[in-house]
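Colleague: I am new to this structure and would love a close look at one part of it, the sheet and what surrounds it. Could you walk me through that part in a connected way?

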Amino acid sequence: MVPDRVQPVAIDEAAHRRELPRQLARRLSREKSEALVPGAGELILTADTVVAVGRRILGKPNAAIQARDFLKLLSGRRHRVITGVVVRSATSSSQRLVETVVVMKVISDAERDAYIRSGEWRDKAGAYAIQGFAAVFARRINGSYSNIVGLPLAETAILLGGHGYPVLARQMLSE
């Protein structure tokens with residue numbers, strides 16, 4: 001499936017005071033959707049992913065020192081990756097919240113420093129990309145792997161199908 005257009009939207013992604021991680025993921029995906037206007041016969045797909053340790057939200061680090069702090073916090077601990085997904089047409093909208101639990105191994109200082117040097121942490125919620133070098137840090141995953149990568153595929157396909165866009169059937173017909 002190839003989108004007709006990718007259109008970033010400018011919204012304030014900062015958490016509101018006392019906003020919990022699930023609320024933030026839900027709100028940001030909805031606000032991104034509301035910032036766009038679907039035409040007749042068009043579907044808009046928006047999503048936002050939040051990494052959380054308890055109630056603490058780990059956004060995208062703005063510097064290597066912050067990425068190092070995030071990885072230190074995640075080391076040897078359980079955290080949640082929460083993604084809000086919205087599919088919207090001109091007449092209806094559906095939203096789904098997907099949560100995956102990840103348990104990280106204890107990450108040594110040398111491993112953390114090497115990962116920071118790799119640069120993979122840039123523009124990644126929680127300062128890691130599970131589909132890259134950080135895969136060796138994940139001891140256990142409970143839930144959707146694709147959610148950790150950035151978009152929960154099974155749940156997104158269900159939402160699209162509910163709006164009349166059968167993902168698998170269209171993919172198979174195009175081959």
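Modeller: Let's start where β3 meets β4: these two strands run antiparallel and are joined by 11 bridges. Please keep in mind that the model is predicted. A hairpin of four residues leads from β3 to β4. Two bridges make good landmarks here: Arg88 is partnered with Ser93 in β4, and Ile82 has Glu99 in β4 as its bridge partner. In general, strands of a sheet pair through backbone hydrogen bonds, in either a parallel or an antiparallel way.

Ile82 is also a handy stepping stone to the other side of β3, as it is the bridge partner of Val50. There, β1 and β3 pair in the antiparallel sense, over nine bridges. β3 itself is mostly covered, with 10 of its 11 residues buried.

Now step outwards on each side. β1, which spans residues 44-53, pairs with β2 over three bridges, again in the antiparallel sense. To find that pairing on your screen, look for Ala52, whose bridge partner in β2 is Ile57. On the other side, β4 and β5 are antiparallel too and share four bridges. Here the pair to look for is Val103 with its bridge partner Arg140 in β5.

Put together, the five strands make an open sheet with the order β2-β1-β3-β4-β5 and antiparallel pairing. Its edges are β2 (56-58) and β5 (138-142), each of which pairs on one side only. On average, neighbouring strands in this sheet are turned by 30° against each other, direction ignored.

Two helices come next. Helix α1, residues 21-34, packs on the sheet and touches β1, β2, β3 (78-88) and β4 (93-104). The direction of α1 makes about 25° with that of β3. Helix α2, residues 64-74, lies across β1, β2, β3 and β4. Relative to β2, helix α2 runs at about 130°.

For a single residue to zoom in on, I would pick Thr46, which is found in strand β1. Is Thr46 buried or exposed? Its relative accessible area is 7%, so Thr46 counts as buried, the cut-off for buried being under 20%. The side chain of Thr46 reaches the backbone oxygen of Ser29 at 2.9 Å. Leaving aside neighbours within four places in sequence, the residues in contact with Thr46 are Ser29, Lys32, Ser33, Leu36, Gly84, Val85 and Val86. As a general aid when you look along a strand, side chains in a regular strand alternate between the two faces of the sheet.

Thr46 also brings us to the largest pocket, where about 1700 Å³ of space lies. Its lining is made up of 48 residues, and those nearest the centre of the pocket are Val6, Leu45, Thr46, Ala47 and Leu151. The elements giving two or more residues to this lining are α1, β1, β2 and α4 (145-149). Of these, β1 gives the most to the lining of the largest pocket, namely eight residues. If you wonder how such space is found, rolling a probe the size of a water molecule over the atoms shows where empty space is left.

Before you leave the model, two spots away from the strands deserve a glance. Most residues other than glycine have a negative phi. Arg18, in the segment before α1, has a positive phi near 65° without being a glycine. Asp123 is not a glycine either, yet has a positive phi of about 60°; look for Asp123 in the loop between α3 (109-118) and β5. How exposed are the two? Arg18 has a relative accessible area of 71%, so it is exposed. Asp123, at 55% relative accessibility, also counts as exposed, because the cut-off for exposed is over 50%.

To retrace the route on your own screen, begin at the hairpin between β3 and β4, cross from Ile82 to Val50, and then follow β1 to Thr46.

Conventions
Residues numbered from 1 in each chain as written. Predicted model: local features only at pLDDT ≥ 70, side-chain atom pairs only at ≥ 80, totals over all residues. Heavy atoms only, no water. Pairing = 2+ DSSP bridges. Axes fitted to C-alpha atoms, helices over the stretch in contact; angles between N-to-C directions. Contact = heavy atoms within 4.5 Å. Buried < 20%, exposed > 50% of the residue type's maximum accessible area, 1.4 Å probe, protein only. Polar contact = N/O pair within 3.5 Å; in protein donor to acceptor, adjacent residues only side chain to side chain. 1 Å grid on protein atoms, 1.4 Å probe; cavity = no way out; pocket = protein on both sides within 12 Å on 5 of 7 lines; lining within 4 Å. Points joined across faces, edges and corners; volume = space filled by probe spheres on them.
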